[in-house]
Amino acid sequence: MNELFFFAELREKMGEELLKRDVSGMTVQDVKKVLIDEYELSKINEAMVAINEEFASSTTVVREGDIVAFIPPVSGG
Amino acid sequence: MSRNYWITESELDVQEVVTKVTRRNAGAINTFIGTVREWTGDKKTLYLEYEAYRPMAEKKLAEIGREIEKRWPDVETAIVHRIGHLEISDIAVIIAVSTPHRADSFDASRYAIERIKEIVPIWKKEHWENGEQWIGNQKETVEGAPTEGELK
């Protein structure tokens, strides 16, 4: 099982911050595709992805228990 | 040891951040204070909401501190970012950098705020008179965050 976190406009589009779902064995890019297909979350293509709080590339494979966070373009400061 | 990099929902206190980097070997303490601006072009902001992926945001602030330590000698940095509802002129971020001489403290402070805008998972939502929008202004990158080497 994995925890998927969504922030800012992605969170608003999903309706909540956390989605529990098993995406282990999938690449980051695969996970994005699933979310686009099932939730019409097209904006997720602009998002960076963090796995266990570190930025990951689109080819990184998610492992069991990983926390996957979708990071829209940031605007702190 | 008290932490130098944190996210809070409370009002920010400049002196608290400055005190964290005050030390005998510093001849300069540079502070950057980011505040909520009312007008952006012809758009009038009523208030802002900031949101963070808090544990990662605090880690990334600390990472910026480590980057600074690699680039400038004998430097101490503290950074705090506020989240939640902020009114016009409220302080959103404070950076304090102390160094033996002034030039490095200016440079490191500038570096810190530019990096915050690239790698720290914090978002602001602008609320205007006639609408609202999440703002995204990082580099146009999808494949992970920009690395230190990519920065000028």
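Which residue of chain B meets the side chain of Arg11(A) in a salt bridge?

**View 1. A salt bridge between chain A and chain B in the predicted model.** The side chain of Arg11(A) meets that of Glu51(B), with N to O at 2.4 Å. Across the interface of the two chains, 4 salt bridges are found. Residue pairs in polar contact between chain B and chain A number 15, both residues having pLDDT of 80 or more.

**View 2. The side of chain B that touches chain A.** At least two residues of this side come from each of strand 4 (43-52), helix 2 (54-71), strand 7 (91-99), helix 3 (102-119), strand 8 (122-128) and strand 9 (131-135) of chain B. By type, the residues of this side are 18 nonpolar, 6 polar and 9 charged.

**View 3. The area buried between chain B and chain A.** In the contact, 33 residues belong to chain B and 26 residues to chain A. Together the chains bury about 2,500 Å², of which 55% lies on carbon and sulfur atoms. Within chain B, the most area is lost to chain A by Tyr53(B), Trp123(B) and Trp134(B), which together account for 25% of what that side buries.

**View 4. Helix 3 of chain B and its surroundings.** The 18 residues of this helix should span 26 Å at 1.5 Å a residue, and the end C-alpha atoms are 26 Å apart, in agreement with that value. Its buried residues include Ser105(B), Ala108(B), Tyr111(B), Arg115(B) and Ile119(B). The buried residues of helix 3 pack against strand 3 (48-51) and strand 4 (54-56) of chain A. Within chain B, they pack against strand 2 (28-35), helix 2, strand 5 (76-82) and strand 7.

Terms used
Residues are numbered from 1 along each chain as its sequence is written. Chains are lettered from A and ligands numbered from 1 in the order in which they are written. This is a predicted model: local features need pLDDT of at least 70, side-chain atom pairs count only at pLDDT 80 or more; totals for chains, interfaces and linings use all residues. Side-chain values use heavy atoms; hydrogens and water are left out. Contact means heavy atoms within 4.5 Å. Buried area is the accessible area (1.4 Å probe) that two parts lose on being put together, summed over both. A polar contact is a pair of N or O atoms within 3.5 Å; within protein, one must be able to donate a hydrogen and the other to accept it, and residues adjacent in sequence count only if both atoms are side-chain atoms. Helices (H or I, at least four residues) and strands (E, at least two) are DSSP runs, numbered from the N terminus. Ala, Val, Leu, Ile, Met, Phe, Trp, Tyr, Cys and Pro count as nonpolar, Asp, Glu, Lys and Arg as charged, and the others, Gly among them, as polar. The expected span of a helix is 1.5 Å times one less than its number of residues. Buried means under 20% relative accessible area, exposed over 50%, partly exposed in between (1.4 Å probe, protein chains only).
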